[in-house]
Amino acid sequence: MKPLIKILPLAGLLILAACQPRVKSPAESSLFQPFTDPESGVVSYVLQYGAPDDNRQSVYFTCKSMTEDGRFLLFWYTEGNEKKPGGPGARHQMLADLATDRVYDLGLSTMTPFVETKKDYVVWGDRERGFFRVDFKDPNHAEKKLCDVPQELTALGEVRRLATHLTLTSDRARAFLDTEILTPEGKSRYIQGMLNLQDGSWDEWGETTWNCNHGQVNPVDDNLAMVAWEGCWDEAGQAYQAETGWYPRMWLVRKGSKELLPARDINFASHEIWDDDGQGISWCGHGWITEEQCVYHHDLRTGEQQAWAQVPGARHNTCSPDGKYVVTDQAPETWWRGCKWRVAFFNRETGKYVWLYSTREPLMPQNNQSRLHPDPHPHFVMNGQYVVCTANNADGHMDLFVTPVAQLIEMTQ
């Protein structure tokens, strides 16, 4: 009987494995339709959900919207066309399951969430209700309450922002918050710190006089975060630049301290993001200062800064996990909410790039701009196997593209 005892667990595992649904690629899933860009020839897969006029939109580029095994894809969904009466409706967090070809509504959300891509769950916060988690493999997708908004913050006044885009520590136990509190006297306070999602305790790191936002904790160092003085083109920011000579966008913060990270080449930075390994930061040097726009990178270990992608007009970018490739979106003409967009894949090994999709005509006119933050926000998922981004359509709705990277590498050899 001893051999039988050894065999039964293996048999049980085989049965369990056989019962697990097979994860389909976007090319195989009925949730997607192929699209070939007429100019570049790049093949992407367009998510199909809701009515043609509805919006299927990538989440913000600092959030990896697809799990590592390729089964789950988180996306924003709004019902209704912005150019037509009555639309769009409220924004929902939606989940596409590429094993079952089903889409689930996870509820309303107005804050960019954090997706745990290896353990298949999402965490988000609500200014009034607190913080929640949803496990993707839960068939009912019931919210699990994690903790309330810290009393230390609510006692100060109205919580206007918890986090620009939520990031968690490497053990996923704490969340970095870049809050904005409106005091009873009508003054905004900008307070940063760590929230323990398990017991709700609050660890304040510091406070700034300026609007400190776009906070991101380092992927491997829980004691280091990056924040932005996004509105540093205002009077206070201009005064700082006049005194120091540096455009004060990017800051490295620890508990009790903060340090400016200057963009030394172009002296302008926007939409910074950590490398996956936490060893560097990339950003887009673009905008009002110069037309020589491209993606720059700072190595934390050496302090070296380099231009990593010479794509004119770069606005948002992410780097592949191995650092060999960059994806970035570009507004080829004047930028506004709903302007023309295109997305580039840049091969750092060859110095060549290809348009993941070529120029899309404006989603909305400049005198009636979109309210849905329709920038493409391209980002690598599944350890660099795919790029996820938003594609605007001139008829007033958005699509979500998933693009295989292997063809992009081949096209840029």
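How far is the sulfur of C147 from the closest cysteine sulfur? The distance is 18 Å, and that closest sulfur belongs to C63. This is too far for a bond.

The model is predicted, so local features need pLDDT of at least 70 and side-chain atom pairs count only at pLDDT 80 or more, while totals for chains, interfaces and linings use all residues. Residues are numbered from 1 along each chain as its sequence is written, and side-chain values use heavy atoms, with hydrogens and water left out.

**Cysteines**

The structure holds 0 disulfides. A disulfide here is a pair of cysteine sulfur atoms within 2.5 Å. C284 is in no disulfide either; its nearest cysteine sulfur, in C294, is 8.7 Å away. C284 is buried, at 0% relative accessibility. C147 is buried too, at 7%. Buried means under 20% relative accessible area, exposed means over 50%, and partly exposed lies in between (1.4 Å probe, protein chains only).

**The core**

The largest nonpolar core has 29 residues. Such a core is a set of buried Ala, Val, Leu, Ile, Met, Phe, Trp, Tyr and Cys residues joined through side-chain atoms within 4.5 Å. F176, V227, I281 and W283 touch the most other members. Several strands each supply at least two residues of this core, among them strand 14 (188–196), strand 16 (212–217) and strand 22 (294–299). Strands (E, at least two residues) and helices (H or I, at least four) are DSSP runs, numbered from the N terminus.

**A hairpin**

Strand 22 also pairs with strand 23 (residues 305–309). The pairing is antiparallel, over 4 bridges. Two strands pair if DSSP finds at least two bridges between them. H297 has Q306 of strand 23 as its bridge partner. The hairpin has 5 residues between its strands, and G303 takes a positive phi near 80 degrees.

**Backbone angles**

Two residues other than glycine also have a positive phi.

| Residue | Phi | Place | Relative accessible area |
|---|---|---|---|
| R172 | about 65 degrees | loop between strand 12 (167–168) and strand 13 (174–182) | 28%, partly exposed |
| H214 | near 55 degrees | strand 16 | 8%, buried |

Where does P88 lie? P88 is in the loop between strand 4 (72–78) and strand 5 (91–97). A cis peptide bond joins G87 and P88, with omega about 0 degrees.
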